[in-house]
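Thank you all for making the time this morning. I would like to walk you through a structure that may be new to most of you, and I will go slowly.

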Amino acid sequence: MSKTKPDFTPEQPASPGLLTLPGRTLDQPALPALPEPAGPASRALTAAEFRGLAEVPPELEWFANIRNEKTRRAYQQDVKDFTRFVGIARPEEFRSVTRAHLIAWRKELETRTLAPSTIRRKLAAISSLFDYLCEQNAVLHNPVDGVKRPKANNNEGLTPALGDAQARALLNAPPENTLKGKRDRAILATLLYHGLRREELCKLRVRDIEQREGVLHLRIFGKGDKIRFVPVAAKAARLIKEYLEAAGHGNDLAGPLFRPVKNNSTGTLNKPLNPTSVYQEVVRRYGKQVGINTDVHGFCVHSLRATAATNALEHNADIAKVQEWLGHANVSTTRLYDKRKNRPEDSPTFRVEY
């Protein structure tokens with residue numbers, strides 16, 4: 001370790017053009033991983049390390065404080081895009097950015113024919129950075145404020161939902177007499193009956209199926225480390241039980257609930273499923289088998305979450321309860337799944353006769 005400044009280690013491989021420590025160009029980034037607080041079992045920071053952390057620019061503090069990996073990755077790319085456009089070379093130069101810079105960048109983004117939602121997200125990333133700089137008194141105001149953003153279609157989400165017949169066909173697609181088939185039926189039922197994100201599904205442990213007031217629940221670890229409890233649907237409970245009995249790890253309470261059934265590289269099966277495997281080897285595999293991949297453009301794991309939410313709302317579930325059920329921070333997100341005003345069967349199309 002250097003005697004003059006702390007040893008900063010990147011949390012993950014960084015891409016060119018990201019924020020860096022003072023004195024380093026944006027082409028050679030080094031994102032800080034802040035040390036754990038000193039405690040009884042760890043040493044205290046040295047004086048040099050303390051001074052080094054005290055000198056970390058707030059621009060880097062903002063980035064290091066983004067906990068969600070997907071958000072961090074998206075914001076990395078967005079900040080990289082903006083720094084390239086305005087020619088920022090050091091974190092401190094963000095403090096000279098004006099609203100005019102943001103308007104010029106927005107116009108440049110529009111020339112690329114990017115989707116309105118993409119432009120909104122990019123502006124939101126820079127706005128988040130400047131909100132933090134305002135909190136730290138590094139800048140007087142957020143220059144993104146007042147920059148008009150493209151209008152977004154907030155009436156309905158873009159993720160396609162399945163019809164009831166399609167959902168039933170998908171649930172029945174995996175074979176009933178193999179371990180993989182039993183596991184995949186349980187996975188599809190868990191997604192379709194409870195509206196989980198695929199990352200939430202992969203985080204489930206055996207002990208996360210628990211009784212609460214006599215009712216079986218799933219303990220779900222959602223975004224932002226938030227925990228919610230969702231009652232287990234009867235069909236999903238049966239399929240999960242059949243899978244655990246066949247797999248034989250029902251008593252491994254601390255172990256992952258859904259596991260690989262084979263591992264040709266290491267042979268290790270006592271590990272969680274990879275979210276990509278859930279997409280490719282379960283959802284898309286059986287979607288292709290029953291024809292959903294062809295019929296439903298954009299069909300993915302999130303489609304099962306959209307299906308669950310849409311189905312619950314169509315059967316008169318309270319939207320506030322659906323918001324809690326899905327783990328949405330804002331009810332406006334839940335409303336994207338509310339298609340009760342636009343049901344195909346209510347369309348005037350089906351009243352036309354010739």
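I will begin with the overall make-up, then turn to helix packing, and finish with some individual residues.

Please keep in mind throughout that what you have in front of you is a predicted model. The protein has 14 helices and three strands, and of its 354 residues, 38% are buried. If we take the contacts between residues at least 6 apart in sequence, 56% of them join residues that are at least 24 apart.

Let me move to the helices, and to how some of them pack. Two packed helices are described by the angle between their axes and by the distance between those axes, and I will give both values for each pair.

The pair I would like to start with is helix 4, residues 99-111, and helix 5, residues 116-135, which pack at an angle of about 155 degrees with their axes 10 Å apart. Since angles over 145 degrees count as roughly antiparallel, that makes helix 4 roughly antiparallel to helix 5. The crossing of helix 4 past helix 5 is right-handed. On the helix 4 side, the contact is made by L102, W105, R106, L109 and E110, and on the helix 5 side by I119, K122, L123 and I126. Sorted by character, the residues of this contact between helix 4 and helix 5 come out as six nonpolar, three charged and no polar.

Helix 7, residues 179-194, will keep us for a little longer, and I will take its partners one at a time. With helix 6, residues 164-171, helix 7 packs at an angle of about 155 degrees, and the axes are 9 Å apart. That makes helix 6 roughly antiparallel to helix 7. Here A167, L170 and L171 from helix 6 meet R185, L188, A189, L192 and Y193 from helix 7, and the residues of this contact divide into seven nonpolar, one charged and no polar.

With helix 12, residues 301-314, the arrangement is as follows: the axes of helix 7 and helix 12 come within 6 Å and cross at roughly 45 degrees. Helix 7 and helix 12 are therefore oblique to each other. The contact brings together L188, L191 and L192 of helix 7 with V301, L304, T307 and A308 of helix 12, and in this contact of helix 7 with helix 12 there are six nonpolar residues, one polar and no charged.

Staying in helix 7, let us look at T190, which is found there. Is T190 buried or exposed? T190 is buried, because its relative accessible area is 1%, and the cut-off for buried is under 20%. Its side chain reaches the backbone oxygen of A186 at 2.7 Å. Setting aside neighbours within four places in sequence, T190 is in contact with G195, L196, L201, L204, L218, I240 and F258.

A second buried residue is E200, which sits in helix 8, residues 198-203, and which counts as buried because its relative accessibility is 2%. Which residue does the side chain of E200 join through a polar contact of 2.9 Å? The partner is the side chain of R228. Not counting residues up to four places away in sequence, E200 touches I220, F221, G222, K223, R228 and R305.

Now to the loops. L253 lies in the loop between helix 9 and helix 10, and it is partly exposed, with a relative accessible area of 47%. Its C-alpha is 8.1 Å from that of D208, although L253 and D208 are 45 residues apart in sequence. Beyond its neighbours within four places, L253 is in contact with R205, V206 and R207.

N68 belongs to the loop between helix 2 and helix 3, and at 30% relative accessibility it counts as partly exposed. The C-alpha atoms of N68 and G224 are separated by 7.1 Å, while the two residues are 156 apart along the chain.

Finally, I would point out two backbone angles. N137, in the loop between helix 5 and helix 6, has a phi near 60 degrees, a positive value in a residue other than glycine, and N137 is exposed, with a relative accessible area of 69%. E213, in the loop between strand 1 and strand 2, likewise has a positive phi, near 55 degrees, and at 84% relative accessibility E213 counts as exposed.

Key. Residues are numbered from 1 along each chain as its sequence is written. This is a predicted model: local features need pLDDT of at least 70, side-chain atom pairs count only at pLDDT 80 or more; totals for chains, interfaces and linings use all residues. Side-chain values use heavy atoms; hydrogens and water are left out. Axes are lines fitted to C-alpha atoms, for helices over the stretch in contact, and angles run from 0 to 180 degrees between N-to-C directions. Helices (H or I, at least four residues) and strands (E, at least two) are DSSP runs, numbered from the N terminus. Angles under 35 degrees count as roughly parallel, over 145 as roughly antiparallel, 65 to 115 as roughly perpendicular and the rest as oblique. A crossing is left-handed if the near helix is turned anticlockwise from the far one by less than a right angle, and right-handed if clockwise. Contact means heavy atoms within 4.5 Å. Ala, Val, Leu, Ile, Met, Phe, Trp, Tyr, Cys and Pro count as nonpolar, Asp, Glu, Lys and Arg as charged, and the others, Gly among them, as polar. Buried means under 20% relative accessible area, exposed over 50%, partly exposed in between (1.4 Å probe, protein chains only). A polar contact is a pair of N or O atoms within 3.5 Å; within protein, one must be able to donate a hydrogen and the other to accept it, and residues adjacent in sequence count only if both atoms are side-chain atoms.
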